[in-house]
Amino acid sequence: MTSPNSGSEHEGLVIRDNRRIDPKTGQVREGAGKTAEQSSPAASADAAQQDDSLAAELATQLAERTADLQRLQAEYSNYRKRVERDRVTVREQAVANVLTELLPVLDDIGRARDHGELTGGFAKVSESLEAAVGKLGLQTYGAKGDPFDPTVHEALIHSYSAGVTEPTAVEILQPGYRLGERILRPARVAVAEPEEPAGGASNAAKTGEAGEAAADPETN
């Protein structure tokens with residue numbers, strides 16, 4: 001026996017299939033999942049805000065780490081440059097000390113060459129020594145006629161000459177040696193300056209005559 005209200009109950013019952021995948025076609029239904037997203041707009045806004053905050057924090061951390069790496073790289077580069085500079089300085093000082101000790105030997109070789117005594121095996125040894133110190137950077141300087149420079153010359157003899165227009169090294173008594181820009185020994189020279197003006201000599205003569213007149217009272 002059927003209840004009189006059973007038909008109306010079945011007619012008012014509505015069944016909705018909210019499955020995302022259509023069981024018949026196996027395809028994703030249009031609009032699937034939108035209901036859940038539209039039902040919580042506040043949750044979506046909070047999630048977006050959290051994502052933005054996280055991205056900003058990550059960007060800040062990345063900038064800080066990049067700055068730290070750049071600072072460390074600069075410090076390491078400066079350290080390498082300082083070590084290399086110190087190493088070069090120590091090497092140059094060591095080479096300069098050795099070459100300074102050899103300068104008297106080079107002077108003896110030069111004097112022997114000037115007197116024609118540099119012959120035989122001694123000549124070969126001296127040439128080898130001069131070639132070796134040349135490879136180390138030792139340079140000889142000082143030539144007759146060079147303008148006198150007190151920073152690289154040492155004047156041992158001083159005179160006046162009409163043949164020069166400025167202080168000039170007219171004789172090289174001992175050559176100078178340099179290592180790069182460092183002067184190991186200045187060139188020792190005889191320096192000539194231009195002759196004193198003629199007026200200066202006449203004034204000196206007049207001064208001398210006046211002194212002699214003052215010393216002889218009977219002349220007055």
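Below are a few exercises on this predicted model, each with a worked solution.

Before you start, note that residues are numbered from 1 along each chain as its sequence is written. In this predicted model, local features need pLDDT of at least 70, side-chain atom pairs count only at pLDDT 80 or more, totals for chains, interfaces and linings use all residues, and side-chain values use heavy atoms, with hydrogens and water left out.

**Exercise 1. Get your bearings in the chain.**

Task: work out how many helices and strands the chain has, and in what order they run.

Solution:
- Start with the rule: helices (H or I, at least four residues) and strands (E, at least two) are DSSP runs, numbered from the N terminus.
- Count them up, and you get five helices and six strands.
- Now read from the N terminus: the order is α-α-α-α-β-β-β-β-β-β-α.
- Next, burial: a residue is buried under 20% relative accessible area, exposed over 50%, and partly exposed in between (1.4 Å probe, protein chains only). On that scale, 14% of the 220 residues are buried.
- For surface, use accessible area (Shrake-Rupley method, 1.4 Å probe; for residues, only the protein chains shown count as cover). The chain exposes about 17,000 Å², with carbon and sulfur atoms supplying 53% of it.
- Finally, contacts (heavy atoms within 4.5 Å): of those with a separation of 6 or more, 61% come from residues 24 or more positions apart.

**Exercise 2. Sort out the strand pairing.**

Task: find which strands make up the open sheet, and then see how S6 pairs with S2 and with S3.

Solution:
- Two strands pair if DSSP finds at least two bridges between them. As background, strands of a sheet pair through backbone hydrogen bonds, either parallel or antiparallel.
- The open sheet has three strands in the order S1-S4-S5, with antiparallel pairing. Strand S1 (138-141) and strand S5 (182-185) sit at the edges, each pairing on one side only.
- From one strand to the next, the twist averages 35° (axes are lines fitted to C-alpha atoms, for helices over the stretch in contact, and angles run from 0 to 180 degrees between N-to-C directions).
- Zoom in on S4 (residues 176-179): three bridges join S4 to S5 in the antiparallel sense, and Leu179 stands opposite Arg182 in S5.
- Move on to S6 (residues 187-194): S2 pairs with S6 in the parallel sense over eight bridges, while S3 (residues 168-174) pairs with S6 in the antiparallel sense over five bridges.
- Look at Ala190 in S6: Ile157 stands opposite Ala190, and Ala190 is also the bridge partner of Glu171.

**Exercise 3. Track down salt bridges.**

Task: find the salt-bridge partners of Asp68, Arg111 and Arg185, and say where each pair lies.

Solution:
- The rule is a side-chain nitrogen of Lys or Arg within 4 Å of a carboxyl oxygen of Asp or Glu. That gives eight salt bridges.
- Asp68 goes with Arg71, at 2.6 Å from N to O. Both lie in helix H3, three residues apart, about one turn of the helix. Asp68 is partly exposed at 30% relative accessible area, and Arg71 is partly exposed at 45%.
- Arg111 goes with Asp108, at 2.4 Å from N to O. These two are about one helical turn apart because they are three residues apart in helix H3. Arg111 comes out partly exposed at 43%, and Asp108 partly exposed at 42%.
- Arg185 goes with Asp107, where the closest N and O atoms are 2.6 Å apart. This pair links distant parts of the chain: Arg185 is in strand S5 and Asp107 in helix H3, 78 residues apart. Both Arg185 and Asp107 are buried.

**Exercise 4. Place two residues.**

Task: decide whether His153 and Tyr79 are buried or partly exposed, and look at what surrounds them.

Solution:
- His153 is found in strand S2 (residues 153-161). His153 counts as buried because its relative accessible area is 9%.
- Leaving aside residues up to four places away in sequence, His153 touches Tyr141, Asp146, Pro147, Phe148, Pro186, Ala187 and Val189.
- Tyr79 is in helix H3 (residues 41-114). At 43% relative accessible area, Tyr79 is partly exposed.
- Tyr79 also joins Tyr76 and Val83 in a nonpolar surface patch with about 320 Å² of accessible area together. Patches are made of residues with over 30% relative accessible area and no salt bridge: like charges are joined within 9 Å, nonpolar side chains (Val, Leu, Ile, Met, Phe, Trp, Tyr) within 5 Å.
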